[in-house]
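Work through the exercises below with the model open. Each task is followed by a stepwise solution.

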Amino acid sequence: MIWEALFLGLGYNATLVTLGACILGIAGGFGGSFLFLRKRALVSDAVSHATLPGVGLAFVLMVGLGGDGRNLIGLLAGGAVTAAIGLLCVNWLSTRTRLAEDAAIGAVLSVFFGFGVVVLTYIQTMSSGQQAGLEGFLLGSTAGMLQSDALVLVFAAALTLGLVLILRRPLTLVAFDPDFALATGRNVNRIDLAMMGIVLAVTVVGLKIVGLILIVALLIIPPVTARFWTDRVDRLLLGAGVFGGVSGYVGAAISAAVPDMPTGPIIVLVSFALFLVSLLCAPGRGVVSSVVQHRQYQRRVHLRQGLLALAQGQPIYERLTQRLMEQRGLIRGDGVATQAGRAHAAKALLDEARWHVVRSDQTYAAAALHYDGLTEMNSVLTPDQIREIDARLPAPQVMLP
């Protein structure tokens with residue numbers, strides 16, 4: 001069943017929802033990357049919670065006009081209006097008052113969500129309209145979704161993704177270096193508003209699939225996951241889009257294949273699984289890579305200190321140092337240096353003497369910045385510079401046992 005869902009074999013409606021969730025994940029990954037780089041991730045939380053009263057009020061309005069209140073476009077439009085009001089409130093409180101942005105976000109988030117719960121409670125007492133299914137906007141639900149609803153979500157997600165791709169250059173510039181963007185004459189405030197507008201659009205589109213509580217995860221987790229794999233902005237955007245798309249596609253497919261499985265939480269769990277794999281296995285920034293790098297650095301330090309001790313005729317008591325030097329054939333089992341050990345020790349001591357000259361001469365100030373006790377001199381200076389330094393050494397530096 002799950003394989004059929006993954007290969008889009010569960011029918012037209014399930015296929016549309018799966019593809020819509022995939023496009024929504026890509027748009028969320030792209031849009032969330034700008035929030036992540038701009039260090040304003042919590043704004044998405046306020047925007048998502050501010051949609052709840054809009055959904056409820058739109059339902060009440062549509063019922064008051066004689067409908068059943070279940071029109072998806074009307075509900076999303078209501079959520080977009082209150083989300084925009086909430087976003088403006090956050091912006092006004094953080095720029096026109098002495099409140100910090102996180103305090104403004106907390107205030108707007110709690111007030112709008114509380115108001116939304118009150119509206120939903122009132123809706124439950126109404127005798128007209130079809131209230132069933134409104135709670136699906138909290139955690140997301142695709143059960144009972146009509147084909148027309150699925151088409152609306154697919155087109156809206158595709159439109160949002162197109163908007164992200166069109167504005168990606170100015171958004172990347174402001175997110176990465178707002179001072180440079182301001183110096184080049186760009187209106188940073190308008191670009192920030194455009195970024196928030198994209199976040200608002202992704203949030204509103206994702207309400208039905210992921211839910212207003214969990215849509216934040218689709219905006220934040222993919223960029224954070226991609227950050228483990230790259231240091232470049234363009235690759236981070238691409239990675240966030242890929243991780244978001246895979247999360248939406250796989251999560252929606254699993255939800256369609258397994259009965260009574262909530263869509264939003266499954267998408268978030270798939271996204272978290274990708275994050276966990278990246279946290280452990282990403283090269284350079286992953287936990288496993290960090291442990292390996294730390295152990296390699298530790299071995300280099302022990303070897304360097306062992307060679308310097310050997311060159312100066314000092315005994316080596318550290319067991320790890322002894323073991324490493326024995327494994328490399330630098331000393332014998334009784335601690336006596338081998339021919340190779342004497343050569344490496346002499347070179348290590350000569351490097352230390354050269355670094356002492358470099359660090360005491362302002363002419364080599366730039367090269368001195370590379371000194372860490374492990375870097376070899378010939379990787380920093382040219383052979384001519386090294387010969388000049390060797391000529392200034394006062395006496396033979398090698399003292400072998």
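**Exercise 1.** Describe the chain over residues 105–125 and set residues 49–66 beside it.

Solution. The model is predicted.
- Start with secondary structure: residues 105–125 are 95% helix and 0% strand.
- Then take the ends: the end C-alpha atoms of this span lie 31 Å apart.
- Repeat for residues 49–66: 83% helix, 0% strand, with 28 Å between the end C-alpha atoms.
- Check the record: an unreviewed UniProt entry gives both spans as "transmembrane region", among them also 12–37 and 264–288.

**Exercise 2.** Classify the ring pair F272 and F275.

Solution.
- A pair of aromatic rings is described by the distance of the centres and the angle of the planes.
- Search the whole structure: three aromatic pairs turn up.
- For F272 and F275, the ring centres are 5.9 Å apart and the planes stand at 35 degrees, so the pair is tilted. Tilted covers what is neither under 30 degrees nor over 60.
- Locate the pair: both residues sit in helix α14 (residues 263–281), three residues apart, about one turn of the helix.
- Widen the view: ring pairs join F228, F272 and F275 into a cluster.
- Add exposure: F272 has a relative accessible area of 40%, so F272 is partly exposed.

**Exercise 3.** Which side chain of opposite charge is nearest to D45, and how far away is it?

Solution.
- Place the residue: D45 belongs to helix α3 (residues 42–49).
- Find the partner: R40 is the nearest side chain of opposite charge, 14 Å away.
- Apply the cut-off: a salt bridge needs 4 Å or less. D45 is buried and has no salt bridge.
- List contacts: leaving out residues up to four places away in sequence, D45 touches L109 and V216.

Terms used:
Residues numbered from 1 in each chain as written. Predicted model: local features only at pLDDT ≥ 70, side-chain atom pairs only at ≥ 80, totals over all residues. Heavy atoms only, no water. Phe/Tyr/Trp six-rings, centres within 6.5 Å; stacked < 30°, edge-to-face > 60°. Helix = DSSP H or I, 4+ residues; strand = E, 2+ residues; numbered from the N terminus. Buried < 20%, exposed > 50% of the residue type's maximum accessible area, 1.4 Å probe, protein only. Lys, Arg positive; Asp, Glu negative; His and termini not counted. Contact = heavy atoms within 4.5 Å. UniProt positions renumbered as here; feature names shortened; annotations may be inferred.
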